[in-house]
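Work through the exercises below with the coordinates open. Try each task before you read its solution.

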Amino acid sequence: MNMIPYSRQWLDEEEIASVVETLKGNYLTQGPKVEEFEEAVAEICGAKYAVAVTNGTAALHLAALASGLKPGDEGITSPNTFLASANCLLYVGARAEFADIQPETYCLDPEALKKKINSRTRLIIPVHFAGQPCDMERIWEVAKEKNLMVIEDASHALGSKWRDKKGEWHMVGSCSHSHMTTFSFHPVKTITTGEGGMILTNDPNIARKLRLLRNHGISKDPSEFMNLEFAYPADCSPLTAQGSCGTNFAHAPYSFPPWYYEMHELGFNYRITELQCALGLVQLKRLSFFVARRRQIWANYQERLCGLKELTLPRERDGAQSCWHLYVVQAQERDRLLSHLRLRGIGAHAMYIPIHLQPYYQRRFGYKRGDFPQAERYFARCLILPLYPGLSDEMLDFIVKTIKEFYGVA
Ligand SMILES: Cc1ncc(COP(=O)(O)O)c(C=O)c1O
């Protein structure tokens, strides 16, 4: 029996043709598709800069580094998220702290967040859980008051938007209320590149730093070169125009050999490939269709399940328009219902195990049950039902029927 998954990619002939064409071209990596994909995502989201990387975890890692977080600092995120939202803090030697979630949206509670801030706190990572945008207006207010950096983990939320108190709409990714936003392009997400991720920002210095860190900390920009050991004064350079990688006029005119580069930061190889970006560009053309179809399935579930008193259905926050990455309900007899569904070929899921209850976090930081009661209460009853653009009406009928059968409602 083939299980209906909780999510999956939608790929068509156009994606396949675009990847094949790229395979036949000159560049498999570090070519024009990367920039094209970055510009397209930045434009859709309304941000100035975008830096594509290997996955959403790498995006969070580089964002944490670019935020200036240092060993000994603290960052606060939600306990109801995938491990990467907190692990990125540990990668840079900081401490991962959590603030509890709102019981209605399952996202970071700005008031709980405010109470957790102390003199070591430097960074906040709100997570737009299930695609539902967090209350960024309030989070940004708290961050500004305390002079903190903000990175939105929008792995679930490409295509979501929200309206501010003045009635103005903000795309998630515009960074109108944060310093950076990160996305993941894993196959379960709104669009996919197989594996992939991106960081958006409006700050040119952050964008420059992210680009350096993505590629070993290497600069190939002569105007930034610091070491003149390999340089020629321009007026006695043996290099022709084509033979030089450029001129540095910072001190005096210098030319550099074409092979020259400098390492300015300790970076990584987090480069995404041309093939992934070719795939992403086609996927991006389908973004409005993907979001519309996800919202349609969400509305369909809402309408058909609203009569069941055993379920608490997901509520869209006032002024938010979610891309609905996940359809998450809270269910009575969750474990028995989950088995009932899985035995019948429906890949229901439960997430997230609150991060503070992971053995590693408990051992290292002493977190324990009861520390974040809302996240724990949510997790004890949460159930994720299949939601993805390719989910057919017949599958949805079958899922709804199977749930009703479990609760004895015809
Ligand atoms: C909220 C959240 N943050 C970060 C990530 C990490 O993204 P990736 O799997 O692309 O590394 C994920 C992926 O599942 C996620 O759901």
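The exercises cover domains, ring pairs, charges over rings, salt bridges and two enclosed elements of a predicted model.

**Exercise 1. Domains**

Task: State how the protein is divided into domains, and find how far apart the centres of domain 1 and domain 2 are.

Solution:
- Domain 1 takes 13–216 + 268–285, domain 2 takes 221–258 and domain 3 takes 287–406.
- Over C-alpha atoms, the centres of domain 1 and domain 2 are separated by 36 Å.

**Exercise 2. Two ring pairs**

Task: Classify the pair Trp10 and Phe289 by its ring geometry, and say which parts of the chain the pair ties together. Then classify Phe268 and Tyr270.

Solution:
- Start with the total: 26 aromatic pairs are found in the structure.
- For Trp10 and Phe289, the ring centres are 5.0 Å apart and the planes stand at 70°.
- Planes over 60 degrees apart count as edge-to-face, so the Trp10 and Phe289 pair is edge-to-face.
- Now place the partners. Trp10 is in the segment before α1 (13–24), and Phe289 is in helix α9 (residues 287–305). The pair therefore ties together parts 279 residues apart in sequence.
- Check accessibility. Trp10 has 28% and counts as partly exposed. Phe289 has 38% and is also partly exposed.
- For Phe268 and Tyr270, the centres are 5.1 Å apart and the planes are at 10°, so this pair is stacked.
- Phe268 is partly exposed at 25% relative accessibility, whereas Tyr270 is buried at 18%.

**Exercise 3. A ring cluster and two charges**

Task: Which residues do ring pairs link into a cluster with Phe98? Which rings have Lys161 and Arg334 over them?

Solution:
- Ring pairs join Phe98 with Tyr360, Tyr361, Phe365, Tyr367 and Phe372 in a cluster.
- Lys161 places its charged end over the ring of Trp169, 5.4 Å from the ring centre.
- Arg334 lies over the face of Phe379, and the distance to the ring centre is 5.5 Å.

**Exercise 4. Salt bridges**

Task: For the salt bridges Arg211 to Glu38, Lys114 to Glu145 and Lys309 to Glu310, give the N to O distance. Then say whether each partner of Lys309 to Glu310 is buried or exposed.

Solution:
- The whole structure holds 21 salt bridges.
- Arg211 and Glu38 meet at 3.3 Å, N to O. Arg211 is in helix α7 (residues 204–214) and Glu38 is in helix α2 (residues 32–45), so to speak of distant parts is fair: they are 173 residues apart.
- Arg211 is partly exposed at 32%, and Glu38 is buried at 5%.
- Lys114 and Glu145 meet at 3.5 Å, N to O. Here helix α5 (residues 110–116) holds Lys114 and helix α6 (residues 136–146) holds Glu145, 31 residues apart.
- Lys114 has 28% relative accessibility and is partly exposed. Glu145 is partly exposed at 48%.
- Lys309 and Glu310 meet at 3.3 Å, N to O. Lys309 is exposed at 70%, while Glu310 is buried at 12%.
- One network is worth locating too: salt bridges link Glu14, Glu15, Lys285 and Arg286.

**Exercise 5. Helix α4**

Task: Why does helix α4 count as largely enclosed, and what covers its buried residues?

Solution:
- Count the buried residues. In helix α4 (residues 84–91) they number 7 of the 8, so the helix is largely enclosed by the rest of the structure.
- The buried residues are Ala84, Ser85, Ala86, Asn87, Cys88, Leu89 and Leu90.
- Their cover includes the helices α3 (56–66) and α11 (359–365). It also includes the strands β2 (74–77), β3 (95–98), β4 (121–125) and β5 (149–153).
- Just after α4, Gly93 has a positive phi of about 85°.

**Exercise 6. Strand β8**

Task: Which residues of β8 lie on each face, and how does β8 pair with β5 and β9?

Solution:
- In strand β8 (residues 180–184), 5 of the 5 residues are buried, so the strand is largely enclosed.
- In a regular strand, side chains alternate between the two faces of the sheet.
- Met180, Thr182 and Ser184 are on one side of β8, with Thr181 and Phe183 on the other. Both faces are covered.
- β5 pairs with β8 in the parallel sense over 3 bridges. Asp153 has Thr182 of β8 as its bridge partner.
- Strand β9 (residues 197–201) pairs with β8 in the antiparallel sense over 5 bridges. Thr182 stands opposite Ile199 of β9.

Key. Residues numbered from 1 in each chain as written. Predicted model: local features only at pLDDT ≥ 70, side-chain atom pairs only at ≥ 80, totals over all residues. Heavy atoms only, no water. Phe/Tyr/Trp six-rings, centres within 6.5 Å; stacked < 30°, edge-to-face > 60°. Helix = DSSP H or I, 4+ residues; strand = E, 2+ residues; numbered from the N terminus. Buried < 20%, exposed > 50% of the residue type's maximum accessible area, 1.4 Å probe, protein only. Lys NZ or Arg CZ within 6 Å of the ring centre and 35° of its normal. Domains from an automatic or database assignment. Salt bridge = Lys/Arg side-chain N within 4 Å of Asp/Glu carboxyl O. Contact = heavy atoms within 4.5 Å. Pairing = 2+ DSSP bridges.
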